[in-house]
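This briefing goes through the fold, the surface, the cysteines and a few selected residues in turn. Please keep the sequence and the structure at hand while reading.

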Amino acid sequence: AFACSNVSTEQLFFAVGDTIVATHRHFAPGQLAELADAFARVRARHAFLLDVVPSQFPLSAVKDRRLCSIDALVKLFSAYVDVRLEFGPEGYREALCDALCERSA
């Protein structure tokens, strides 16, 4: 599930991930995006990245400037950019990319 070389780091991300999944509604969108980026960097295939983040940032929300800041959008794209990790629902990475392109225009 993880690509960490350190077992303690894996256990830490797993425990934190479970806590975040249970309490994700208490986090600001920017915090969730930053955590998603951190989980992706250690290749943590956790329910947080697979289910929670896409449900908190649906495709309609990532295109809306009021619901998803550009900072959060960049962090989300960073978290889901690597196609080999297969995080998120089908087409999610592409929708994040489209939202970034729309905002830069």
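Does C97 count as buried, exposed or partly exposed, and at what relative accessibility? C97 counts as partly exposed, because its relative accessibility is 31%, whereas buried means under 20% and exposed over 50%. The model is a predicted one. Its protein chain contains 6 helices and 0 strands.

**Overall fold**

- Read from start to end of the sequence, the protein chain shows the pattern α-α-α-α-α-α.
- The protein chain has a radius of gyration of 13 Å, close to the 13 Å given by the globule rule for 105 residues, so it is as compact as a globular protein of that length.
- The C-alpha trace of the protein chain spans about 45 × 30 × 20 Å along its principal axes.
- Of the contacts in the protein chain between residues at least 6 apart in sequence, 64% link residues at least 24 apart.

**Burial, surface and charge**

- Of the 105 residues in the protein chain, 37% are buried.
- The exposed area of the protein chain is about 6100 Å², and 55% of it comes from carbon and sulfur atoms.
- Side chains with a positive charge number 11 in the protein chain and those with a negative charge number 13; the centres of the two sets are 4 Å apart.

**Cysteines**

- The structure has 0 disulfides.
- The cysteine sulfur closest to that of C97 belongs to C101 and is 4.3 Å away, which is too far for a bond, because a disulfide requires the two sulfur atoms to be within 2.5 Å.
- For C101, likewise in no disulfide, the nearest cysteine sulfur is that of C97, at 4.3 Å.
- C101 has a relative accessible area of 46% and is therefore partly exposed.

**Helix 3 and A47**

- Helix 3 covers residues 47-56, and A47 lies in it.
- With a relative accessibility of 31%, A47 counts as partly exposed.
- The buried residues in helix 3 are F48, L49, V52, V53 and P54.
- These buried residues of helix 3 pack against helix 1 (7-23), helix 2 (29-41), helix 5 (70-80) and helix 6 (92-104).
- Not counting residues up to four places away in sequence, A47 touches V21 and V52.
- Between A47 and I20 there are 9.7 Å from C-alpha to C-alpha, and the two are 27 residues apart in sequence.

**A33 in helix 2**

- A33 belongs to helix 2, and its relative accessible area of 0% makes it buried.
- When neighbours within four places in sequence are left aside, A33 is in contact with F57, A72, K75 and L76.
- The C-alpha atoms of A33 and V53 are 7.6 Å apart in space, with the two residues 20 apart in sequence.

**D71 in helix 5**

- D71 has its place in helix 5.
- A relative accessible area of 44% makes D71 partly exposed, whereas A33 is buried.
- D71 and A33 are 38 residues apart in sequence, yet 8.6 Å apart in space from C-alpha to C-alpha.

Methods: Residues are numbered from 1 along each chain as its sequence is written. This is a predicted model: local features need pLDDT of at least 70, side-chain atom pairs count only at pLDDT 80 or more; totals for chains, interfaces and linings use all residues. Side-chain values use heavy atoms; hydrogens and water are left out. Helices (H or I, at least four residues) and strands (E, at least two) are DSSP runs, numbered from the N terminus. The radius of gyration is taken over C-alpha atoms; the globule rule is 2.2 Å times the number of residues to the power 0.38. Buried means under 20% relative accessible area, exposed over 50%, partly exposed in between (1.4 Å probe, protein chains only). Contact means heavy atoms within 4.5 Å. Accessible areas come from the Shrake-Rupley method with a 1.4 Å probe; for residues, only the protein chains shown count as cover. Lys and Arg count as positive and Asp and Glu as negative; His and the chain ends are not counted. The place of a charge is taken as NZ of Lys, CZ of Arg, CG of Asp or CD of Glu.
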